[in-house]
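Work through the following exercises with the sequence and the coordinates at hand. Each task is followed by a solution in steps.

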Amino acid sequence: MKNIPWHQEVVSFVQQLTDKLPDYEIACEHEHSNCVLIAHNKFKVNGDWYTWIDYTKFHQLIQSYESDKTGFTAVDYMAQTPAWAVFGSEEQGFDPVETRFHRKKKKETSETSS
């Protein structure tokens, strides 16, 4: 674990990256997983991110494509990102209906118990 960056270090790196990428921004984060999502601005509608997938719509589009070759893009089945998953939210990607556990002390391992 000593070579894993802190979440803020990942965010800082990705922010520097998106500063160099036109039309891309950090859309989401999940602090516990140490992940951030870079998304194209086409998924930002009226200031809100749409980085989730509407699976019902996606399957309808697939069926249409298979029957009559009607084309579609990711924009056609995008779903709004929950507020708790949006980059900069207080929850930092933690779904508030889930229980978050914080480790209170270092877990004993074979290295520390010998």
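## Exercise 1: F43 and the nonpolar core

Task: list the residues that F43 contacts, leaving aside neighbours within four places in sequence.

Solution. Step 1: with contact taken as heavy atoms within 4.5 Å, F43 meets D48, W49, Y50, A74, V75 and M78. Step 2: the model is predicted, so local features need pLDDT of at least 70 and side-chain atom pairs count only at pLDDT 80 or more, while totals for chains, interfaces and linings use all residues. Residues are numbered from 1 along each chain as its sequence is written, and side-chain values use heavy atoms, with hydrogens and water left out.

Step 3: which residues make up the largest nonpolar core? A nonpolar core is a set of buried Ala, Val, Leu, Ile, Met, Phe, Trp, Tyr and Cys residues joined through side-chain atoms within 4.5 Å. Buried means under 20% relative accessible area, exposed means over 50%, and partly exposed lies in between, with a 1.4 Å probe and protein chains only. The largest such core has six residues: A27, C28, A39, F43, W49 and M78.

## Exercise 2: Chain overview

Task: give the secondary structure pattern of the protein chain, then its burial and its contact separations.

Solution. Step 1: helices (H or I, at least four residues) and strands (E, at least two) are DSSP runs, numbered from the N terminus. The protein chain has three helices and six strands, in the order α-β-β-β-β-β-α-β-α. Step 2: of its 114 residues, 20% count as buried. Step 3: among contacts in the protein chain with a separation of 6 or more, 49% join residues 24 or more positions apart. Step 4: the exposed area is about 9,100 Å², and carbon and sulfur atoms supply 52% of it. This area comes from the Shrake-Rupley method with a 1.4 Å probe; for residues, only the protein chains shown count as cover.

## Exercise 3: Cysteines

Task: count the disulfides, then state whether C28 is buried or exposed.

Solution. Step 1: a disulfide is a pair of cysteine sulfur atoms within 2.5 Å, and the structure holds zero of them. Step 2: C28 has a relative accessible area of 8% and is therefore buried. C35, at 40%, counts as partly exposed.

## Exercise 4: The salt bridge

Task: find the partner of K44 in a salt bridge and place both residues.

Solution. Step 1: a salt bridge is a side-chain nitrogen of Lys or Arg within 4 Å of a carboxyl oxygen of Asp or Glu; the count by this rule is one. Step 2: K44 pairs with E25, and their closest N and O atoms are 3.0 Å apart. Step 3: K44 lies in strand β3 (residues 44-45) and E25 in strand β1 (residues 24-30), so the pair ties together parts that are 19 residues apart in sequence. Step 4: K44 is partly exposed at 30% relative accessibility, and E25 is partly exposed at 28%.

## Exercise 5: Two loop residues, S89 and T81

Task: describe the surroundings of S89 and T81.

Solution. Step 1: S89 sits in the loop between β6 (78-79) and α3 (110-113); T81 is also in the loop between β6 and α3. Step 2: S89 is buried at 13% relative accessible area, and T81 is buried at 5%. Step 3: a polar atom of the S89 side chain lies 2.9 Å from the backbone oxygen of W84. This fits the rule for a polar contact: a pair of N or O atoms within 3.5 Å, where within protein one must be able to donate a hydrogen and the other to accept it, and residues adjacent in sequence count only if both atoms are side-chain atoms. Step 4: not counting residues up to four places away in sequence, S89 touches E29, A83 and W84, and T81 touches C28, W49, Y50, T51, W52 and V86.

## Exercise 6: D54

Task: locate D54 and list what its side chain meets in the backbone.

Solution. Step 1: D54 is in the loop between β5 (52-53) and α2 (55-68) and is partly exposed at 31%. Step 2: a polar atom of its side chain lies 3.0 Å from the backbone nitrogen of K57. Step 3: beyond four places in sequence, D54 touches Y77, M78 and A79.
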